[in-house]
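Student: Please take a close look at the sheet and its surroundings. I would like one connected account, with the cut-offs given for each term.

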Amino acid sequence: MKRLLVAFGALVMLATTAFGQANEAIEDVIGSQLQAFNERDVTEAFSYASPMIKGVFRDPNNFGTMVERGYPMVWDNSDIRFLALREEEGLILQRVMIKDAQGVLHTLEYVMIETASGWLINGVQLIAPDLAA
């Protein structure tokens with residue numbers, strides 16, 4: 001029984017360490033993309049998109065136009081705060097609070113995928129204020 005508890009404890013520590021490393025890498029990817037948008041470097045921002053997103057938009061300029069029009073708080077962002085990282089139904093989800101150009105706070109949820117070359121953004125959705133807590 002003692003061996004089982006020690007083995008279980010080791011597995012929990014390993015999973016926690018792996019999730020912690022993923023958390024840092026995920027925050028780096030999202031933060032880098034947000035910085036690229038602030039710098040209007042849509043090619044760099046597009047490089048953090050998953051193959052599925054790249055397939056939909058096909059071109060960094062198309063992607064940039066969609067973000068500028070559909071996600072103005074991402075296009076002009078500041079005061080980024082990373083909230084909960086969680087796994088839900090096989091998806092890795094990272095909540096992020098972002099301040100827009102007018103100073104309004106928004107909560108977004110990023111869907112992340114791990115690829116052979118690292119973590120990439122596979123989608124973003126705006127979270128309604130009553131669900132953002």
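**The sheet and its surroundings**

Tutor: Strands E1 and E2 form a hairpin with two residues between them, and Glu 89 in that turn has a positive phi of about 50 degrees. This is a predicted model, in which local features need pLDDT of at least 70 and side-chain atom pairs count only at pLDDT 80 or more, while totals for chains, interfaces and linings use all residues. Residues are numbered from 1 along each chain as its sequence is written, and side-chain values use heavy atoms, with hydrogens and water left out.

E1 and E2 run antiparallel and are joined by seven bridges; strands count as paired if DSSP finds at least two bridges between them. Helices (H or I, at least four residues) and strands (E, at least two) are DSSP runs numbered from the N terminus. At the hairpin, Glu 88 has Leu 91 of E2 as its bridge partner. The sheet as a whole is open and has four strands in the order E1-E2-E3-E4, with antiparallel pairing. Its edges are strand E1 (78-88) and E4, each of which pairs on one side only. On average, neighbouring strands are turned by 25 degrees against each other, direction ignored (axes are lines fitted to C-alpha atoms, for helices over the stretch in contact, and angles run from 0 to 180 degrees between N-to-C directions). E3 and E4 also pair in the antiparallel sense, over nine bridges. Opposite Glu 114 stands Trp 119 in E4.

Edge strand E1 includes Asp 79, a residue with a positive phi of about 45 degrees although it is not a glycine. Most residues other than glycine have a negative phi. Asp 79 counts as partly exposed because its relative accessibility is 42% (buried is under 20% relative accessible area, exposed over 50%, partly exposed in between; 1.4 Å probe, protein chains only).

Just ahead of E1, the loop between H5 and E1 holds Asp 76. With a relative accessible area of 31%, Asp 76 is partly exposed too. Its C-alpha atom is separated by 5.6 Å from that of Ala 101, although the two residues are 25 apart along the chain. Neighbours within four places in sequence aside, Asp 76 is in contact (heavy atoms within 4.5 Å) with Asn 38, Arg 40, Lys 99, Asp 100 and Ala 101.

The sheet also takes part in the largest nonpolar core, which has 28 residues; such a core is a set of buried Ala, Val, Leu, Ile, Met, Phe, Trp, Tyr and Cys residues joined through side-chain atoms within 4.5 Å. Ile 26, Ile 30, Phe 63, Val 74, Tyr 110 and Met 112 have the most contacts inside this core. Strand E2 (91-99), strand E3 (105-115) and strand E4 (118-127) each supply at least two of the core residues, as do helix H1 (2-38), helix H2 (42-46), helix H3 (51-57), helix H4 (60-70) and helix H5 (72-75). The largest share, seven residues, comes from H1. Residues up to four places away in sequence aside, Met 112 touches Ile 26, Val 29, Ile 30, Ile 92, Trp 119, Leu 120 and Ile 121.

Away from the strands, the loop between H3 and H4 contains Arg 58. Arg 58 is not a glycine, yet has a positive phi of about 60 degrees. Its relative accessibility is 72%, so Arg 58 counts as exposed.
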